[in-house]
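I opened my notebook to record what I looked up in this structure, one entry at a time. My notes begin on the surface and then move inward.

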Amino acid sequence: MQLFNSWLEGQNLKEHVSNPNIEVGDYSYYSGFYHSKSFEEQAVRYLLGDESTKEVWASGQFGDVDKLRIGKFCSIASGATFMMAGNQGHRIDWISIFPFSAETFGGDVQDGFLRAGDTVIGNDVWIGSEAMIMPGVQIGDGAVIGARAVITKNVEPYSVVVGNNIVVKKRFDEKSIQSLLTIKWWDWPLEHIKGAMKLLCSGQIEELERYFFKNLSA
């Protein structure tokens with residue numbers, strides 16, 4: 001079955017995600033035309049609770065696992081990848097990085113698995129085509145991740161990051177960024193998002209802040 005008829009289409013993640021270890025905010029979408037698979041099939045890897053591990057996860061034998069948390073109004077391009085499952089059992093501080101099994105190698109085998117913590121994508125984040133987000137990374141609100149970037153470190157809000165964690169710039173000055181992080185427009189009621197749409201579709205941050213204090217600030 002063809003999931004995307006053109007690259008103009010996006011998959012509303014909240015309506016499609018079924019893995020209990022993925023949390024998604026309103027309006028966030030995945031545009032997967034060029035890779036022809038759903039978000040969970042293409043973009044999320046090694047996360048218990050997916051189609052292939054539902055029964056194992058339901059058994060409870062693994063307990064809690066790192067979760068993938070995606071905020072509101074995120075735009076995720078075709079082929080982006082979220083690597084999960086911590087270190088996947090490979091310990092680089094041990095002599096061997098191989099994940100030995102006790103069945104084959106005996107009772108002295110040690111469990112090398114280490115959690116990395118939840119992978120957290122903020123609100124209004126744009127993740128470019130085939131970018132790779134490594135386990136436990138936190139990406140701040142308003143950040144932009146370039147196509148085929150490999151992100152192994154936390155990303156500050158409103159940063160533009162490309163390549164291997166290379167910060168190109170901040171989208172706005174620090175005062176403006178702090179203002180946006182204070183007013184959190186993505187949490188506004190829909191009527192006020194609509195009411196401020198001309199400002200959201202502009203660079204008028206001070207005007208948006210004034211709208212907030214006039215209409216929403218207690």
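**Entry: a surface residue.** I looked up Y34 and found that Y34 is exposed, with a relative accessible area of 59%, where exposed means over 50%, buried means under 20%, and partly exposed lies in between (1.4 Å probe, protein chains only). Before going on I noted that this is a predicted model, in which local features need pLDDT of at least 70 and side-chain atom pairs count only at pLDDT 80 or more, while totals for chains, interfaces and linings use all residues. I also noted that residues are numbered from 1 along each chain as its sequence is written, and that side-chain values use heavy atoms, with hydrogens and water left out.

I placed Y34 in the loop between β3 (29-31) and α2 (39-42); helices (H or I, at least four residues) and strands (E, at least two) are DSSP runs, numbered from the N terminus.

**Entry: a buried loop residue.** Is N21 buried or exposed? I found N21 buried, with a relative accessible area of 1%, although its place is in the loop between α1 (13-16) and β2 (22-24). Not counting residues up to four places away in sequence, N21 touches L47, L48, G49, W57, V65, K67 and L68, a contact being heavy atoms within 4.5 Å.

**Entry: the nonpolar cores.** I read that nonpolar side chains tend to be buried together in soluble globular proteins. The largest nonpolar core here has 32 residues, and F39 and I145 have the most contacts inside it; such a core is a set of buried Ala, Val, Leu, Ile, Met, Phe, Trp, Tyr and Cys residues joined through side-chain atoms within 4.5 Å. I saw that β2 and β5 (68-70) each supply at least two residues of this core. A second, separate core has 16 residues, F73, L181, W188 and I193 among them.

**Entry: the cysteines.** How many disulfides are there? I counted zero, taking a disulfide as a pair of cysteine sulfur atoms within 2.5 Å. For C74, the closest cysteine sulfur is that of C201, and the two sulfurs are 17 Å apart, so they are too far for a bond. I also wrote down that C74 is buried, with a relative accessible area of 1%, whereas C201 is exposed at 62%.

**Entry: a long separation.** I last looked at F98, which lies in the loop between β7 (81-83) and α4 (102-105) and is partly exposed, with a relative accessible area of 48%. The C-alpha atoms of F98 and S202 are separated by 52 Å, and these residues are 104 residues apart along the chain.
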